[in-house]
Structures are given as structure tokens and as C-alpha cells.
Amino acid sequence: MKVLVVNAGSSSIKYQLLVPPNPEPLCSGTLEKIGIPGSFLTHKAKGEKYRLDRDVLDHSQGIEWVLEVLVDSKMGVIRSISELDAVGHRMVHGGEKFYEPAVVTPEVMQVLIECTPLAPLHNPHNIKGIDACTKLLPGTPQAVVFDTAFHHTMPKYAYLYPLPMELYEKHRYRRYGFHGTSHYYVAVEVAKKMGRENDPNFKVVTCHLGNGCSVAAVKGGKSIDTSMGYTPVEGLMMGTRCGDVDPFLFVAIMEKYNLNAAQLSNLMNKFSGLLGISGLSNDMRTLEENMGKHEGAKLAIEMFSYRVLKYIGAYTAALGGLDALVFTGGIGTNGDVIREWICPNLSYLGLKMDPELNKAAMGNKTMKISTPDSRVEVWAYLTNEELVIAEQTAEIVGSLKK
Amino acid sequence: MSPTIDEQKSTGRSLEEVVVLSDGRLGREVAAAASFCGLKVHIICLETEKCDCQADGFKADLKAKVQRWTLSASEAKAVLSRISTLKELKSLPAKAWLVVDATNGGLEKKKELLRRLEVACGADVIVAVNPGGVAVAKLCAGISHPGSVVGLRFFPPVWDSPKLEVIPGRNSTPEAVAAVSEFVKRMGKTPVVTPDIPGAYSVRSFVSLLNSAMKTVDAGGKICGTDNSLRSAMGLTSGPFALADSIGLDVISEWCEDLVRESGSAEFSAHRMLTERVGRREIGFECGKGFFEYTTDGRACCPGKSTK
């Protein structure tokens with residue numbers, strides 16, 4: 001089954017055409033600057049890279065262009081769009097309504113729209129992507145796969161905040177967690193590698209460390225806790241997000257600087273994290289290059305690593321032990337420096353990282369980096385959210401046809 | 001009849017591209033706020049001697065916003081990249097059909113502006129006029145196409161304000177009102193349609209509040225104390241004195257003049273505390289001194305105190 005995977009952002013559309021379970025896409029690309037002068041599309045297919053320029057006013061025009069490229073005689077990988085069997089959309093937030101992928105129907109769309117207040121920065125754009133595909137591919141089934149869905153197995157004592165119960169009951173203010181598709185993928189894949197995919201007691205902590213970062217505690221393939229909360233701001237220190245901070249400090253800062261909600265939101269989301277501490281960059285690669293000569297870069301890396309370490313410790317306690325520790329995401333797979341900082345501090349668990357393997361696990365590789373006698377296996381693992389979306393779309397659309 | 005939004009789209013015109021008329025900080029603020037929302041903005045300086053619409057003027061404004069976490073450094077660059085400066089208003093850029101007046105000024109200045117726009121742009125253009133303390137219908141007296149003109153109030157702080165007053169004049173066409181409302185929504189704000197009375201809701205109410213606050217100081221109160229009390233008692237983000245400094249005391253003085261003339265009510269007469277400061281050109285934040293004094297990094301100090 002050929003599945004087009006679409007990840008529509010505010011001004012971008014990322015896409016891949018996959019034939020699951022094959023993890024290699026037939027093609028992939030990103031359309032950037034939708035609605036902004038200078039929009040362009042980068043497309044990879046058959047070992048070639050292309051860059052195309054065209055003004056794209058909205059998501060509908062964007063999807064139309066992507067479809068054109070897919071069937072293009074030179075860059076394309078299919079002859080006609082009728083070859084597309086399904087479209088799978090990444091949807092950031094499914095709230096408490098969606099625990100599983102869903103086939104797009106008018107009723108599902110209505111519920112998705114109702115979930116918009118939960119993720120006002122993401123869901124509306126995901127919905128625009130679906131609307132555009134509905135218009136341009138009227139006969140092709142579509143499915144939505146949710147970033148939050150994997151974490152729906154968290155127990156109530158883990159997902160509730162200790163606030164007046166009324167706030168949860170009336171408004172569903174609670175921890176939802178994100179990066180679910182990625183945590184799911186690496187947890188399941190590592191369990192397979194270790195021959196424990198059917199073990200209900202297999203305990204793994206997955207660290208998705210990219211520009212956004214989160215940790216999940218996964219037991220027997222189910223998420224029991226995760227560091228991001230109602231929004232992606234909670235938890236780890238990230239590229240520009242602050243993660244955990246005493247909430248009352250925000251009250252104090254608002255009063256001190258007479259800030260409004262938008263400014264406070266920007267402070268937490270865009271000015272904090274690695275960028276805020278280093279004063280240099282939100283990019284871990286830049287910080288690693290400068291850590292020997294720039295105090296801020298060194299401190300940012302230490303704080304980042306320390307906070308990951310604390311969550312690993314907490315989730316090991318929550319899991320009642322640890323069989324595997326997985327690093328994924330751009331920093332997770334390439335960040336030998338942070339892994340080197342974190343792992344020796346976990347030696348009390350019998351975890352032993354092989355420094356040579358850790359160094360070797362650079363350049364987006366999947367490999368085990370612990371020693372053979374380590375009681376906990378440590379992995380640098382390339383995530384593949386698009387493949388999960390394609391697989392789950394194929395499964396749900398396939399069951400529809402039966 | 002003005003063309004509808006869809007009819008304009010069919011001719012290749014779009015609300016994604018607008019012309020902003022500026023005579024200073026307000027114009028730059030409106031242009032930057034529109035650009036931040038992804039619109040392409042052509043800005044025209046009407047009074048070049050007091051109006052810096054070149055990149056340097058914007059850079060200083062945007063730097064202050066980055067410092068106070070209003071937008072990130074890369075967003076500031078993107079905002080600048082979508083703003084271009086037009087030297088004069090001879091004709092509209094091909095894709096634009098909305099001219100947004102973000103200047104201050106009273107009755108005669110605005111009437112003259114609308115006449116100039118009509119000559120330069122013809123009937124096809126929609127004009128969102130910032131009406132000060134005058135009714136939109138009165139501003140349109142003497143022009144041939146009053147249907148294309150709609151009031152749009154930019155009450156500072158424009159960037160943060162979630163709502164903007166859209167004020168249809170007596171002759172404004174529904175298409176023109178729809179276009180201006182759509183522009184407001186495109187800026188991420190909610191249009192609030194208000195009746196065409198001089199000063200509409202915000203200017204009338206603000207002038208009354210400021211006059212009451214000045215009378216309180218006259219009776220022995222302090223500027224800082226009055227501002228702080230009103231902020232906490234009424235849940236305002238700024239007290240009336242701080243807000244007045246931000247708007248510009250010269251602008252408020254013009255509003256008072258307009259409101260007294262248009263409404264016939266002495267309630268809106270400019271108070272001595274205001275006229276004296278305008279006379280001394282202590283017109284608020286922009287010049288570093290108004291009701292408050294401002295440090296070089298923009299912090300307000302109570303009168304007579306070096307720090308707050």
C-alpha cells in the first residue's frame with residue numbers, strides 16, 4: 001500500500017511517500033514558507049535532490065504542488081495520484097478523544113476541531129493539511145495519527161496535576177505528553193532487538209532529544225509516564241523551551257516586567273533552554289563545538305544533561321528498574337557528549353556505556369553503545385515517525401476495506 | 001459598490017499585501033504587527049521629518065521587542081523582510097487594494113489625506129482610516145467615494161491588543177467593512193464593530209478617564225499613586241498616565257480638541273496638566289518625558305525620582 005505521510009505545520013508541509021513496512025521512503029520533501037513570499041520545496045527521490053521555487057499562498061496550493069511533484073516525469077515516483085492508496089497525517093494533539101489512529105470522516109473532523117484549543121499552535125495547521133487533501137484527493141482514504149496517543153496508557157496518578165480537581169473535570173487540564181509516535185517506535189524496536197517484544201515487564205526509558213525534548217517511561221510497550229505535559233513546555237530543558245521551572249517564578253517575572261501572556265509564552269518557548277542559558281545558540285552542535293571556550297555553552301550542556309539524567313532516574317524508579325535506555329532525536333543520536341555526561345552517572349544501575357561505541361554512534365546511526373556486561377542496554381536509535389504513521393494508516397485503512 | 005474580497009482575488013489582488021501610511025511610531029508598529037502575521041507591507045512616510053520608516057527605525061523598535069520577549073530574533077528578521085518602503089503614494093502596488101492609515105491627526109489633516117488617496121488610488125481602493133476623535137462620516141465629507149472608507153482604530157499598544165475597533169461610516173459599503181474586518185482577523189485580532197460616534201468607544205472613554213485622573217492629581221494625588229491604584233482597582237495593564245505617555249500627549253491633545261468640537265461637551269476639554277506638557281514638548285515615551293520620565297532603556301520613573 002502506498003501511503004503519503006503529511007506533516008503540516010504553520011507555514012510548512014513535510015511529506016514522505018512510503019510503502020510500509022519498508023522503512024525507506026520512495027521520496028520525501030519539505031515545502032517551506034507557505035503564505036510567505038519566497039516559498040520553496042526541497043524534494044528527494046531516487047537518490048537525487050531538487051529545490052523548486054514557487055509562490056504558495058495556502059496549504060491547499062501547497063498540497064497541490066506536492067502532488068504535482070509526486071507524478072512529475074523527472075522527479076516523481078508515481079505515474080498518477082490514483083496510485084496513492086491512503087494519506088496519513090501527523091496530528092499533534094488528540095486530547096482525551098483519540099487514543100488510536102482514526103480514519104478521517106466528517107465526524108472525526110468535527111472532534112479534531114474541538115481539540116484545537118488543546119494545541120492552538122499545531123492542530124489548526126494539521127487540520128489545514130487534511131482539508132487540502134480532502135479537496136484534492138476526494139476518493140483517497142485518510143487517517144490521522146496522534147502524537148499524544150501513545151501516552152494514553154499513563155495511569156491517572158501520573159497524568160493528573162495536583163491542582164483543584166475541578167480544573168481537570170471541567171477543562172481536561174492534565175498531562176498529555178508528546179513525541180508519542182517516536183517513543184513508541186524506538187521502545188518497540190529496541191524490545192525487538194533484545195528479543196523482548198512480548199515481555200510485559202520490559203522496562204525502557206526513551207529519550208527523544210531534538211529541538212523539542214521529552215523522556216518517556218515505557219513498560220511492556222506501554223507509556224506509563226512522560227516528561228512533557230499539557231503542553232510541550234514542561235519537562236526537559238530544550239533548544240529554546242525552558243522545561244521545568246518553579247511555576248510561581250513566572251508570576252514573579254510577569255509582575256516584575258509587566259509582561260502579558262504572549263510575552264510570557266515567548267519567554268518560555270523561544271528565549272529559554274539552551275539558547276537562554278548559553279546566550280549563543282539553541283543548536284547543540286554549535287554548543288558542543290564551543291564548549292571548550294565558551295562558559296555559557298558548557299553550562300547549557302551540563303544543565304541539559306543533568307536534567308535528562310534526573311528524569312532517567314525518576315523514571316527508573318517509576319518503572320521499578322531499567323532494562324534499556326534509548327537516545328533518539330537529532331541530539332539523542334548524535335549527542336555523544338551528553339551521553340558521555342549522563343551514562344557514567346547511572347553506573348549504580350549496573351549500566352556501562354562503551355566510550356568507543358558512544359563515539360562511533362555519530363552521524364545518525366542506530367547502534368548499541370553499552371558494553372556486553374552492562375545490566376542495562378544503551379542504544380542510540382534513529383527514530384522513524386513517518387514509518388509509524390504510514391504503518392498505522394495502512395492498518396486502519398486496510399481494515400476499512402475488509 | 002466596492003468589489004468583494006472574492007472579486008478582488010479574481011483580479012490577482014489580495015489582503016496578503018497592504019499599504020500602511022505612517023507618520024511615526026504608530027505606523028511602524030502597525031506595519032510590524034501586520035508583517036509579523038505574514039502580510040507583505042508597503043509603508044509610506046507622510047511626514048518624513050518626524051517619521052523613520054527605513055529599516056533603522058524598525059530595527060530599533062524590533063530590538064526593544066526582542067529584549068522584552070515579544071518576538072524572537074529570527075522572527076524580527078522575518079518581520080523586516082516583509083516590509084518595504086514606498087517613497088510616495090502615486091499608485092498602489094499591483095497586488096494591494098487596502099490602504100491602512102496608521103497616522104495621527106485631526107479633522108482637517110485626515111480630510112486632506114482622504115482626498116489625496118482618492119486622487120492617487122481612485123475608487124477601487126479600500127481605505128481603513130484611523131479616525132481620531134472625529135466620526136468617519138464627517139471625515140468623508142467632500143470625497144467622491146465614501147463607500148470605500150471605513151474607520152479602523154489603532155489604540156496602543158497595537159501589537160498586544162487582541163481587538164481593534166472597526167467603525168463603518170454612514171456610507172461605508174458592506175464589502176469595504178468586510179475587507180477591513182478581514183484584515184483585522186488576518187492580523188490575529190478580533191474586529192469589534194462600533195457605532196460611528198466621535199472617538200467611538202476607546203478614545204472617548206480613555207480621554208474621560210485621563211481627565212478624571214488628572215483632576216485627582218490636581219486635588220492632591222500623585223501621578224504614580226493614581227496610576228497604580230487604577231491599575232489594580234480596574235485590572236488595567238497600564239494606568240492612564242503611562243498609557244497616555246505611550247500614545248503621545250500631543251495625539252491626546254488633538255483627540256480632546258476633536259471631541260470637544262464634535263460632541264459639544266466640555267467634559268473632553270484638555271486638562272492643564274496635558275496642555276502644559278504639550279507646550280513644553282514633553283509629549284511622552286517617545287521623547288523621554290511626559291507624565292513620567294523614561295530611562296534610555298525605556299523604564300518609567302515617577303516624576304522627581306531617578307529610579308522607579
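**Setting the values against the definitions**

Trainee: What share of the contacts in chain A between residues at least 6 apart in sequence joins residues at least 24 apart?
Mentor: In chain A that share is 62%, where two residues count as in contact if their C-beta atoms, placed from the backbone, lie within 7 Å. This is a predicted model, in which local features need pLDDT of at least 70 and side-chain atom pairs count only at pLDDT 80 or more, whereas totals for chains, interfaces and linings use all residues. Residues are numbered from 1 along each chain as its sequence is written, while chains are lettered from A and ligands numbered from 1 in the order in which they are written.

Trainee: How many helices and strands does chain A have, and why is it called as compact as a globular protein of its length?
Mentor: Chain A has 15 helices and 14 strands, these being DSSP runs numbered from the N terminus (H or I over at least four residues for a helix, E over at least two for a strand). Its radius of gyration, taken over C-alpha atoms, is set against the globule rule, 2.2 Å times the number of residues to the power 0.38. For 402 residues the rule gives 21 Å, and the radius of gyration of chain A is 21 Å, so chain A is as compact as a globular protein of that length.

Trainee: What makes β3 and β8 of chain B edge strands?
Mentor: They belong to an open sheet of 8 strands with mixed pairing, in the order β3-β2-β1-β4-β5-β6-β7-β8 (chain B), and two strands pair if DSSP finds at least two bridges between them. β3 (83-86) and β8 (190-193) of chain B each have a single partner strand, so one side of each is left without a neighbour in the sheet.

Trainee: How do you know that β7(B) and β8(B) pair?
Mentor: Against the requirement of at least two bridges, 4 bridges join β7 (residues 163-168) of chain B to β8(B), and the two strands run parallel. E165(B), for instance, has V192(B) in β8(B) as its bridge partner.

Trainee: Why is helix α10 of chain B called largely enclosed?
Mentor: A residue is buried if 20 or more other C-beta atoms lie within 10 Å of its own, exposed if 12 or fewer, and partly exposed in between. In α10 (residues 240-247) of chain B, 7 of the 8 residues are buried, so the helix is largely enclosed by the rest of the structure. Among these buried residues are F241(B), L243(B) and D245(B), and the buried residues of α10(B) pack against α8 (202-218), α9 (223-234), α11 (249-263) and β10 (300-301) of chain B. After α10(B) comes G248(B), whose phi is positive, near 110 degrees.

Trainee: Why is E293(B) called partly exposed?
Mentor: E293(B), which lies in strand β9 (residues 293-294) of chain B, has 18 other C-beta atoms within 10 Å and is therefore partly exposed. Leaving aside residues up to four places away in sequence, E293(B) touches G288(B), C301(B) and P303(B).

Trainee: How do you know that the two domains of chain B touch?
Mentor: The domain bounds, which come from an automatic or database assignment, are 5-193 for domain 1 and 202-301 for domain 2 of chain B. By the contact definition, 15 residues of domain 1 of chain B are in contact with 13 residues of domain 2 of chain B, and the centres of the two domains, taken over C-alpha atoms, are separated by 25 Å.
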